[in-house]
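Got your viewer open? Load the model, switch to a cartoon view, and follow along one selection at a time.

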Amino acid sequence: MSASRLQLLKAHILPEHKTTTMTASPSPLTTHVLNTGTGVPGSNMALGLYRQNPSNKTWELITAGKTNDDGRCPGLITKELFTAGVYKMHFETGQYWTSIGESSFYPYVKIVFTITDPGQKYHVPLLLSRFSYSTYRGS
């Protein structure tokens, strides 16, 4: 990977001079999609946030949206709705790759995670290329 791509990724992961308009109640759960093949944000990617119903184990849609130009999806969930439990983020990666004229091995990516302390802030990014992806728990 070239140094310029790494610098571009760094700028998106660690923005120094970027400001965003925050709502009165910022989401305690955030995500950020980065196309690691080209070193740019994964913009305009459809995604859904789900919570698993603990009694019957079905998935209930909380919100659906698309990533913005910076690969982020602000306002995923309010503090009031953010409770302990099992969550899933479903990213429509196949549609994203098709929209930029590429093919991909993964038609979608599902990231399932457990929230035990809803008082904390959670950041769950998706680092994506056509043939691989990774994620981690940030803050």
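Start by selecting residues 126-129 and 132-135 in this predicted model. These are strands E9 and E10, an antiparallel pair with four bridges, and the hairpin between them takes two residues. Show Leu 128 and you will find its bridge partner in E10, Tyr 133.

Next, add residues 33-35, which form strand E2. E2 runs parallel to E9, and three bridges join the two; Val 33, for instance, has Leu 126 as its bridge partner in E9. Now bring in the whole open sheet: its four strands follow the order E3-E2-E9-E10, with mixed pairing. E3 (40-41) and E10 are the edge strands with a single partner each, so one side of each has no neighbour in the sheet.

Now turn on the aromatic side chains. Select Tyr 87 and Phe 113: this pair is stacked, with 6.0 Å centre to centre and 15 degrees between the planes. Tyr 87 belongs to strand E6 and Phe 113 to strand E7, so the pair ties together parts 26 residues apart in sequence. Are these two residues buried or exposed? Both are buried. Add Phe 82 and Tyr 122 to complete one aromatic cluster with them.

Return to Tyr 133 and add Tyr 106. Their ring centres are 5.1 Å apart and the planes stand at 85 degrees, so this pair is edge-to-face. Tyr 106 counts as partly exposed at 25% relative accessibility, and Tyr 133 does at 37%.

Then pick Lys 88: its charged end sits over the ring of Tyr 50, 5.0 Å from the centre.

Finally, colour by pLDDT and find residues 13-24, where it stays under 50. Where pLDDT is low, the predicted coordinates should not be read in detail.

Key
Residues are numbered from 1 along each chain as its sequence is written. This is a predicted model: local features need pLDDT of at least 70, side-chain atom pairs count only at pLDDT 80 or more; totals for chains, interfaces and linings use all residues. Side-chain values use heavy atoms; hydrogens and water are left out. Two strands pair if DSSP finds at least two bridges between them. pLDDT is the predictor's confidence in each residue, from 0 to 100. Contact means heavy atoms within 4.5 Å. Rings of Phe, Tyr and Trp (its six-membered ring) pair if their centres lie within 6.5 Å; planes under 30 degrees apart count as stacked, over 60 as edge-to-face and the rest as tilted. Buried means under 20% relative accessible area, exposed over 50%, partly exposed in between (1.4 Å probe, protein chains only). A charge sits over a ring if NZ of Lys or CZ of Arg is within 6 Å of the ring centre and within 35 degrees of the ring normal.
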